[in-house]
Amino acid sequence: GQNYLDIAKVKNGFVPSNEYEEVDGETAVNNFLVKITYPIVISDKLVFLTGVDYSNINLKPLPSKPAVDLMSSGVRLGISYNHTDKLKGIYLVIPKYTGNYKSGTNKYFQVGGVALWKYKAKENLIYKYGVYGSSEVFGFYTTPILGFYYQSLNKKFELNLALPISADINYKVLKNVRVGAEWLALTSGYDLNEYTIPSSYMQKTTQEAGGYLQFDLLKEQLILKTKFLYTMSIFRLYDDNETVDFGITGVFVNDERTLINNDFKKGMGFEISLAYRFHIKKEDDKETLIVD
């Protein structure tokens, strides 16, 4: 199966021009992210998982208002447990602090969680299934996860699916160069406090597709990726008092909210990321380190 783990990752995506639908104006969207993962091996069956995440998205939700920062900072705490030789469970709790971090009445604190199971069908094929849930500012949101990881025996071709959230397919064309394509779809909420009167929040639905070049440097320990983005992301502004009962994979129950802003048109952008990759030796029998 997957024989590496990205310990630290820094990523910056930039869409220089997103036009608003039905009104004049445009905004740039800048997305910065830092992710650190540190697993602690307790035994052959049990690994304690820790991690820290920070992200900041800067954009103008309304053409008449200044840009705002949609920030998120949190930790990942949990375990990876080998139930059998073939079945592994990953259980994480993800408390986070999201919003524009302005003082005043706010709902910045949220709690999410993941339960994911991996079944090793072959040495190079792992099936994945699970569920993600979070207490977002607009209401509880959840999505099922279904996918698999496959790597060709010569390690040139790699396919990693965790649908509907993410997909990555890539192929090694040169010794240290891969070409690939990715899909990312995430939904989250950010309290903007008094960005508008009355106070409001942003519901962000990331929908991005991209093609990339990956450069594996320093014996494949330093991974540099440059990606061309096609973004269909949705940034919707709502009054703080208007929420939903429940959301699952983009469908919201009892959604009677009034949209404050206009959606963005589809846009083009680019992204660059740098990751430190730890390679797991098969003879070390430490496959339990894999958490992605």
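In the predicted model, the chain exposes about 14600 Å² of accessible area, and carbon and sulfur atoms supply 61% of this surface. Of the 292 residues, 46% count as buried. The charged side chains comprise 33 positive and 33 negative groups, and the centres of these two sets lie 9 Å apart.

The secondary structure consists of 17 strands, with zero helices. The C-alpha trace spans about 60 × 40 × 30 Å along its principal axes. The radius of gyration of the chain is 20 Å, which agrees with the value near 19 Å that a compact globule of 292 residues would have. With regard to sequence separation, 55% of the contacts between residues at least 6 apart join residues at least 24 apart.

Two buried polar residues, Gln203 and Asp263, were examined individually. Gln203 is placed in strand S12, which covers residues 200–217. This residue counts as buried because its relative accessible area is 4%, under the 20% cut-off. The side chain of Gln203 forms a polar contact with the side chain of Arg257, at 2.8 Å. When neighbours within four places in sequence are left aside, the residues in contact with Gln203 are Phe138, Thr187, Ser188, Ile234, Phe235, Arg236, Tyr238, Phe252 and Arg257. Arg257 thus appears both as a side-chain polar partner of Gln203 and in its list of contacts.

Asp263 is located outside the strands, in the loop between strand S16 (251–253) and strand S17 (267–279). Despite this loop position, Asp263 is buried, since its relative accessible area of 16% falls under 20%. Its side chain makes a polar contact with that of Arg236, also at 2.8 Å. Apart from neighbours within four places in sequence, Asp263 is in contact with Glu19, Tyr20, Glu21, Ile234 and Arg236. Ile234 and Arg236 are among the residues contacted by Gln203 and are likewise contacted by Asp263.

Backbone geometry was considered next. A cis peptide bond with omega of about 5° joins Leu163 and Pro164. Pro164 belongs to the loop that connects strand S9 (157–162) with strand S10 (166–174). A cis peptide bond also joins Ile197 and Pro198, with omega of about 0°. Pro198 occupies the loop between strand S11 (177–191) and S12, the latter being the strand that contains Gln203.

Positive phi values in residues other than glycine were found at Glu22 and Leu218. For Glu22, phi is near 70°, and the residue is situated in the loop between strand S1 (4–19) and strand S2 (26–41). Glu22 counts as exposed because its relative accessibility of 77% is over 50%. For Leu218, phi is near 50°. This residue lies in the loop between S12 and strand S13 (222–231). Leu218 is likewise exposed, as its relative accessible area of 62% is over the 50% cut-off. The loops on either side of S12 therefore hold Pro198, before the strand, and Leu218, after the strand.

Note on methods:
Residues are numbered from 1 along each chain as its sequence is written. This is a predicted model: local features need pLDDT of at least 70, side-chain atom pairs count only at pLDDT 80 or more; totals for chains, interfaces and linings use all residues. Side-chain values use heavy atoms; hydrogens and water are left out. Helices (H or I, at least four residues) and strands (E, at least two) are DSSP runs, numbered from the N terminus. The radius of gyration is taken over C-alpha atoms; the globule rule is 2.2 Å times the number of residues to the power 0.38. Buried means under 20% relative accessible area, exposed over 50%, partly exposed in between (1.4 Å probe, protein chains only). Contact means heavy atoms within 4.5 Å. Accessible areas come from the Shrake-Rupley method with a 1.4 Å probe; for residues, only the protein chains shown count as cover. Lys and Arg count as positive and Asp and Glu as negative; His and the chain ends are not counted. The place of a charge is taken as NZ of Lys, CZ of Arg, CG of Asp or CD of Glu. A polar contact is a pair of N or O atoms within 3.5 Å; within protein, one must be able to donate a hydrogen and the other to accept it, and residues adjacent in sequence count only if both atoms are side-chain atoms.
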